[in-house]
Amino acid sequence: WRPCLGIPSIAWASCGDDNSVALYEQESTGQAWQLMARLQFDGPVWRISWSSTGAMLACSSPDGAMRVYAESAPSRWVVVHSSLSSVASPGGQAGSWNSR
């Protein structure tokens, strides 16, 4: 479930072996849930996590790749950070971040 601090709707996200993250929204209690976005990946997505304000969604896959999305406009999600691997490098630093 998306935290709804100041956001006028209810939303949730799901992930899985279908290589996507689906985001659903309900404008008000009792209305039908609508698919607001489907984020495509190259492989399965097994973990997702909302930021504490609900403004960003982090998605990760079993190969260590990760993307962080932000809603740039209603139902439009853009990648704001990505990482090819979360595995630490020999120097002890985590995988690099790329802003997009």
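In the predicted model, three strands form an open sheet in the order β1-β2-β3, and their pairing is antiparallel. Strands β1 and β3 stand at the edges of this sheet, each with a single partner strand, so one side of each is left without a neighbour in the sheet. Neighbouring strands of the sheet are turned against each other by 20° on average, when direction is ignored. Between β1 and β2 the antiparallel pairing extends over six bridges, and C15 stands opposite V21 in β2.

The loop between β1 and β2 contains N19. The backbone of this residue has a phi near 65°, a positive value in a residue other than glycine. Such a value deserves mention because most residues other than glycine have a negative phi. With a relative accessibility of 24%, N19 counts as partly exposed, since the buried class is reserved for values under 20%.

Aromatic side chains also connect β1 with β2. A pair of aromatic rings is described by the distance of the centres and the angle of the planes. The count for the model comes to four aromatic pairs. One of these is formed by W12 and Y24, which are stacked, with 4.7 Å from centre to centre and 20° between the planes. Because W12 belongs to strand β1 (residues 10–15) and Y24 to strand β2 (residues 20–26), the pair ties together parts that are twelve residues apart in sequence. Both partners fall into the intermediate class of accessibility, W12 being partly exposed with a relative accessible area of 25% and Y24 being partly exposed at 21%. Ring pairs further link W12 and Y24 with W33, so that the three residues form a cluster.

Another aromatic residue, F41, is placed in the loop between β3 (34–40) and β4 (47–50). Its relative accessible area is 13%, and F41 is therefore buried, the limit for this class being under 20%. When neighbours within four places in sequence are left aside, F41 is in contact with N19, S20 and V21, and also with C59, R67 and Y69. The partly exposed loop residue N19 is thus one of the contacts of F41. Although F41 and R67 are 26 residues apart along the chain, their C-alpha atoms are separated by 9.6 Å.

The loop between β5 (56–60) and β6 (66–73) holds S61. This residue counts as buried, because its relative accessibility is 17% and the cut-off lies at 20%. The side chain of S61 makes a polar contact with the side chain of D63, at 2.4 Å. If residues up to four places away in sequence are not counted, S61 touches P44, V45 and W46.

Finally, W77 is found in strand β7, which covers residues 76–83. With a relative accessible area of 8%, W77 is buried. The C-alpha atoms of W77 and L57 are separated by 9.2 Å, while the two residues lie 20 residues apart along the chain.

Technical notes. Residues numbered from 1 in each chain as written. Predicted model: local features only at pLDDT ≥ 70, side-chain atom pairs only at ≥ 80, totals over all residues. Heavy atoms only, no water. Helix = DSSP H or I, 4+ residues; strand = E, 2+ residues; numbered from the N terminus. Buried < 20%, exposed > 50% of the residue type's maximum accessible area, 1.4 Å probe, protein only. Polar contact = N/O pair within 3.5 Å; in protein donor to acceptor, adjacent residues only side chain to side chain. Contact = heavy atoms within 4.5 Å. Phe/Tyr/Trp six-rings, centres within 6.5 Å; stacked < 30°, edge-to-face > 60°. Pairing = 2+ DSSP bridges. Axes fitted to C-alpha atoms, helices over the stretch in contact; angles between N-to-C directions.
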